[in-house]
Amino acid sequence: MSAPTRRLTTAQALVRFLAAQYTERDGVRHRLIAGTWGIFGHGNVAGVGQALVEYADVMPYHQGRNEQAMVHAAVAHARQLNRLSAQAVTTSIGPGATNLVTGAALATVNRLPVLLLPGDYFASHAADPLLQQLEHPVEADLSVNDTLRPVSRYFDRINRPEALIASALNAVRVLADPAETGAVTLALPQDVQAEAYDWPEEFFADRVWRVRRPAPDPVELEAAVRAVRAARRPLIVAGGGVHHSEAEGALRALVDATGIPVASTQAGKGSLRHDHPADLGGIGHTGTAVSDELARTADLVIGVGTRYSDFTTASGTLFADPDVRFLNLNITGFDAHKLGAHTLVCDARSGLEALAGALAGHRVDPAYEAGYAAGKERWERVVEAAYRADDENAVPTQTQVLGALDAVVGETDVVINAAGSLPGDLHKLWRARSPRQYHLEYGYSCMGYEIPAAIGVQQAAPGTPVWALVGDGTYLMMPTEIVTAVQERLPVKMVLIQNHGYASIGGLSEETGGERFGTAYRYRAEDGTFTGAPLPVDLAANAASLGMDVLRAKTVRELRHALAEARAAGRPTCVYVETDPAPTAPPAEAWWDVPVAEVASREAAVRARERYDAQVAGRRRHL
């Protein structure tokens, strides 16, 4: 007797399959694919589009305006839910598919799950070439979707219906595996999407993917304990893996017991509350003075769930003690082995709990604790000075904008940013009150991330105030998802800061001999430079035209009132503020390597190269 089957199209089968996938960790079950974003065109409208209509009762659909933005929303959704739930994104062939590449790279760089379902050309080659097809003279099976291969953790092109069975299982396996996850791409030829097949019924049965918490290897754990006990000045670097593993409590228990201080990467900020005695704030190029001072003298750096980007290591110049060693606790061996480290390849929570148990009775020297406590107190005064506004009727600076927001947000508000000068200011100054409050995408630092990310977070956390902090440069990259927020009735809050240019890159350009060339939004002057008056662009009016309520704030006082009103609002609301361009953030406490022209005739570049050579001499390889 043959096994029961169900006759469906490939697209219908995929949607039914995805609706039956779950993750489970610590006994709590989550829908793996919580919904599907889509923009329809030829290549997916009659396949996946029809399937989403067919099964609207089991697969929620969200309409986007830009394919890249849909991926950003899905990625932010997954991050908010600790990678236990994800979303899918479907597009047409051609430009719809290639618009996914940036979002896919962002997902994979940040180790965050998203399922991409781009349409593809006819597998049968019945229509060849078809509209938007890239023809290659010697590789007939190549399509633009192949651009997604290097930025995907798993890629397959489904050229026959039955091929979906094995590929779909592999796709969700990767999405649910914290050591493997990232962007997953199933390219779907449009003829195969619509083709019917007799699918085995068991393909559609509920399937639970258990997210394991692997424990540390006993030999590795023993070596780690010896390293910690021998260290005089240990320092923990908390990365995003602490949040993904929900290991904040385990980290706090270890720190409370041992007194080891914690500095955080952009992804790891909030691993401890800002007011915990051992929380030293950000580390690296955008770190605090106390974190970077300790990093320079640490003899053991304990990385937890971090991949050690160049911002964290100050391009290899930060960890300066001649005898410094590294102990890396990470769920991936790839990241654990960086910097020649001792390794604990395991789940962050499991590893921290095991480490705390094995270190019972061990504590750092009281003088070390007193030293970093004094440094933390000094830095808090720096934060207060940056936030303080002595004149309530003055135009606010960017750090005063953060101070005003700091006074308004509650414990669980989520603050989102990704690019420009804000990430540095936030990393140094923001007081994270809860594990998910600080949402910085700084693995890929993608302009345009903030607004769609706010939508994804709001979907994942209904009722939570969600703030997208957006500079004028980022806003002009991708404001389109404002329409989506309005359509979905999501009360996201946007703080739109206007300073008439690329402030972060302007400063970097000046530092590296580029003389701020091409970084201001101004009229072109007669000599060809962009030094004329600011452009008469009204971003607030633009946001209003897309459906947002807009509150304009010209002074610090008005800003405080506007932020409070926005937080209480029940629909998408923008607070627009033009800031005083004078820099008020503390300067960088550590270097970042941006190569400078080795030869040049202009004095600015010559002087920049001299500074660069002095800094790069301090770089070292940790082996």
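**View 1. E180 is partly exposed and forms a salt bridge with R153.** In this predicted model, E180 has a relative accessibility of 33%, where partly exposed falls between buried (under 20% relative accessible area) and exposed (over 50%), using a 1.4 Å probe and protein chains only. Its partner R153 is also partly exposed, at 40%. The closest N and O atoms of the two side chains are 2.9 Å apart; a salt bridge here is a side-chain nitrogen of Lys or Arg within 4 Å of a carboxyl oxygen of Asp or Glu. The pair links distant parts of the chain, 27 residues apart: R153 sits in the loop between strand 7 and strand 8 (154–157), and E180 in the loop between helix 6 (163–176) and strand 9 (183–189). Helices (H or I, at least four residues) and strands (E, at least two) are DSSP runs numbered from the N terminus.

Two notes for reading every view: residues are numbered from 1 along each chain as its sequence is written, and side-chain values use heavy atoms, with hydrogens and water left out. As this is a predicted model, local features need pLDDT of at least 70 and side-chain atom pairs count only at pLDDT 80 or more, while totals for chains, interfaces and linings use all residues.

**View 2. R273 and E411 meet in a salt bridge between two loops.** Here the closest N and O atoms are 2.6 Å apart. R273 lies in the loop between strand 13 (262–264) and strand 14 (279–282), and E411 in the loop between helix 16 (398–408) and strand 18 (414–417), so the pair ties together parts that are 138 residues apart in sequence. Both ends are partly exposed, with R273 at 32% relative accessibility and E411 at 43%.

**View 3. R552 and D538 form a salt bridge, and V537 belongs to a nonpolar surface patch.** The N to O distance between R552 and D538 is 3.0 Å. Strand 22 (residues 549–553) carries R552, while D538 lies in the loop between helix 21 and helix 22, so the contact ties together parts 14 residues apart in sequence. R552 is partly exposed at 46%, and so is D538 at 36%. For a wider look at such contacts, E380, E384, D406, R431 and R433 are joined into one network by salt bridges that share partners, and the structure's salt bridge count comes to 35. Back in the loop between helix 21 (503–511) and helix 22 (539–545) you will find V537, partly exposed at 42%. V537 joins L476, Y523 and L535 in a nonpolar patch with about 340 Å² of accessible area together. Patches are made of residues with over 30% relative accessible area and no salt bridge, like charges being joined within 9 Å and nonpolar side chains (Val, Leu, Ile, Met, Phe, Trp, Tyr) within 5 Å; areas come from the Shrake-Rupley method with a 1.4 Å probe, and for residues only the protein chains shown count as cover.

**View 4. Aromatic rings pair up at Y197 and W199.** A search of the whole structure finds eleven aromatic pairs. The ring centres of Y197 and W199 are 4.9 Å apart and the planes meet at 75°, so this pair is edge-to-face. Rings of Phe, Tyr and Trp (its six-membered ring) pair if their centres lie within 6.5 Å, with planes under 30 degrees apart called stacked, over 60 edge-to-face and the rest tilted. Y197 is partly exposed at 27%, whereas W199 is buried at 0%. Ring pairs link both residues with F17, F203 and F204 into a cluster.

**View 5. F311 and W592 make an edge-to-face pair.** The centres are 4.5 Å apart, with 70° between the planes. F311 lies in helix 12 (residues 310–313) and W592 in the loop between strand 23 (573–578) and helix 24 (603–616), so the pair ties together parts 281 residues apart in sequence. F311 is buried at 11%, while W592 is partly exposed at 26%.

**View 6. Strand 6 is largely enclosed by the rest of the structure.** Six of the six residues of strand 6 (residues 86–91) are buried. In a regular strand the side chains alternate between the two faces of the sheet. Both faces are covered here: A86, A88 and T90 lie on one side, and Q87, V89 and T91 on the other. Strand 4 (residues 33–38) runs parallel to strand 6 and is joined to it by four bridges; strands pair if DSSP finds at least two bridges between them. Strand 7 (residues 114–120) also pairs with strand 6 in the parallel sense over four bridges. V89 is a good landmark, standing opposite W37 and having L116 as its bridge partner in strand 7.
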